[in-house]
Protein chains: 2
Amino acid sequence: MTMNNGAGARRKPPTIHDVAREAGVSRGTVSRVLNGGHYVSPSAQEAVNAAIRRTGYVVNRHARSLITGRSDSVGFLLTEPQERFFEDPNFNVLLRGCTQALAAHDIPLLLMLAGTEDERRRITRYITAGHVDGVLLVSSHSGDPIASELREAGVPLVACGKPIGIGSKVSYVAADDRDGARDMVRHLLAQGRRRIGVVTGPLDTPGGVERLAGYKEVLAEAEVAYDERLVVSGDYSRASGEAGAARLLERAPDLDAVFVASDLMAQGVLTTLRRADRRVPEDVAVGGFDDSPAATAATPSLTTIRQPWDRISSEMVRVLLAQIGGEDPAAVILPTELVKREST
Amino acid sequence: MTMNNGAGARRKPPTIHDVAREAGVSRGTVSRVLNGGHYVSPSAQEAVNAAIRRTGYVVNRHARSLITGRSDSVGFLLTEPQERFFEDPNFNVLLRGCTQALAAHDIPLLLMLAGTEDERRRITRYITAGHVDGVLLVSSHSGDPIASELREAGVPLVACGKPIGIGSKVSYVAADDRDGARDMVRHLLAQGRRRIGVVTGPLDTPGGVERLAGYKEVLAEAEVAYDERLVVSGDYSRASGEAGAARLLERAPDLDAVFVASDLMAQGVLTTLRRADRRVPEDVAVGGFDDSPAATAATPSLTTIRQPWDRISSEMVRVLLAQIGGEDPAAVILPTELVKREST
DNA sequence: ATGCTCTCTGTGAGCGTTCACAGTAGAGAA
DNA sequence: TTCTCTACTGTGAACGCTCACAGAGAGCAT
């Protein structure tokens, strides 16, 4: 018996027609005002704006999209398996940064999760159907098929981090992983450390590859012998940090520092070192990467490499919008910063 | 001189008309197949499906939305100030849960951040313009104006956690905070603790109020005197946990346990206790709330209350979709679970 | 036969916008 | 004057879909 449609029954919103009538002009003129106001007389301009204010008019994006073919929205696509998503605080700030940068252009962000094969197919269909104008792609392991599919379909695309194993024609924004790693290892060397272990990220990710490369470069440049017993790989998770450190201690008990490719793994490394009764930083210095909340949460707090996530997100949006606007793909590399804390 | 539009120039996608021609039927029939297939003969049904597969047809949601008035998308609205957003891992899993639950219905999720007054206005406009069918509202402090505005406008709305200070006609899904608190305090009592301090959340949030209420109830039921020197408030942040514990130690140096209304604050409490040379759990037991990653990351690991975030998100989506479908608002309360670890 | 219901199908209209085009008025040049 | 150019305005068409309606045929009772 009740109306059942909430508090204030949703009334029909005003259309461009209502505004035109209210302002005493034609649809066309209102439309022109809405789209930049070129070829509109000041008086008409003002009348329309007043009418818009009075009626509370908001453009119907569906109608607009239908004719323009644009959707004025972009997708934020996550292809990671579950665990990493909510373990890694970087995704969070990246997501927030992108949302805000887009909001400034009045563009809503659609969150898309392609964890399973099934989801991947649905999302590809959705995107290639033109329901978003472009895609912000986060963390594609190498060979992620969705990136090349989208590329193939001509969808504007910006990746976070350099995608490996894809043709070079895809835009990306990344921190200078290699240089960050160099800074950290130089810092460790400067503290007098010589037996520096490293826990890398997955070697099918740019972060995994580049940070290791930086490590090697600095060792070479300092003429410290490269010892492969000092190198183990993790998957960015806490647990893999614990395991990695255990392996390092076993293979090179004399190590006096560890460079860890993520703060989360570094937390794991700290746990293992504590269990092994190594003091940090007295016996072993530990350097992380990311400057995530985990870095300050750790005891002792972590010396780490800050990635400029705020700039990364805003650059991703900038590059994507440029590409939607017809520009060619571009790559942007941003500098990192060493943050010294208690662990070194 | 170049075409400048990426790899494969985006071709015009097939329309319902193309499918109809391909299947040898009319637009109407194709549309009916698309919308449930009632009043369609099996042979037509099959012909249409085949044609859809052959042409790679995907419905144009803008055209559909234009006429139906529905947008087949929902908003995920965050009204928190920045810090909490990416400090609180719960948002993360909530967000993921909602995205997935919606994906099952083929409904994209629009992420909306209303941090500033300005953003709030824009987003309200966007939503009330009908660009989403409903809103999942996360963490409204009391008096959050956006909730009542949306309610007023008749927008289907489901809050995460019981909104306080709003008329009762808004749907929400929440964990049973009070009961979780009761479990934790009973657990501490069972360990022989009698001087149990508490660091509450902000008292303008349901979590703040309810968890404190549970604490009081159990003390009363156990006939342990309530001592207001044992009660301090925080804001769910690490730092406020540190400060809160310091205040507790000062006002009640004899305390033998602390119930902390969030894991993040509990981490702060642990830090302060360590500085004050109180052993955990020997001297002081610490109980958290949330079972966030912070709980396992802490040393010692935290006994805490697990909130069923996966169920919370799926219930939120269920209730919202029901409401969009015309059902009345509903409240859902879900049980919590005590997780025992090293800190008690 | 006639009427009625029931399933199925095609058709026209219209959702709210933008776009292309045509047209008007005024200014300046020839 | 007349012509051209520029600034501005209004008017049909679309865009791709759903919805209401009309109509066709089948089945069954009257």
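1. The surroundings of DNA strand C deserve attention at the outset. In this predicted model, 26 residues lie around DNA strand C, and those that come nearest are A:Ile16, A:Tyr57, B:Arg27, B:Ser41 and B:Ile67. Of the atoms of DNA strand C that come within 4 Å of the protein, 62% belong to sugar and phosphate.

2. Two side chains of chain A should be examined beside the phosphates. The side chain of A:Tyr57 places a polar atom 2.5 Å from a phosphate oxygen of DNA strand C. For A:Asn35, an N or O atom of the side chain is 3.2 Å from a phosphate oxygen of DNA strand C.

3. Chain B offers a contact with a base. Here a polar atom in the side chain of B:Arg27 lies 2.5 Å from a base oxygen of DNA strand C.

4. Which helix gives the most to the surface near DNA strand C? That helix is α4(A), with 5 residues. At least two residues each are supplied to this surface by α2 (27-34) and α4 (61-68) of chain A, and likewise by α2 (27-34) and α4 (61-68) of chain B.

5. The composition of the surface near DNA strand C may also be noted. By class, there are 12 nonpolar residues, 9 polar residues and 5 charged residues.

6. A final point concerns the domains of chain A. The assignment gives domain 1 as 16-59, domain 2 as 74-175 + 310-335, and domain 3 as 177-306. Between domain 1 of chain A and domain 3 of chain A, the C-alpha centres lie 61 Å apart.

Methods
Residues numbered from 1 in each chain as written. Chains lettered and ligands numbered in written order. Predicted model: local features only at pLDDT ≥ 70, side-chain atom pairs only at ≥ 80, totals over all residues. Heavy atoms only, no water. Domains from an automatic or database assignment. Near = heavy atom within 4 Å. Polar contact = N/O pair within 3.5 Å; in protein donor to acceptor, adjacent residues only side chain to side chain. Helix = DSSP H or I, 4+ residues; strand = E, 2+ residues; numbered from the N terminus. Nonpolar A, V, L, I, M, F, W, Y, C, P; charged D, E, K, R; others polar.
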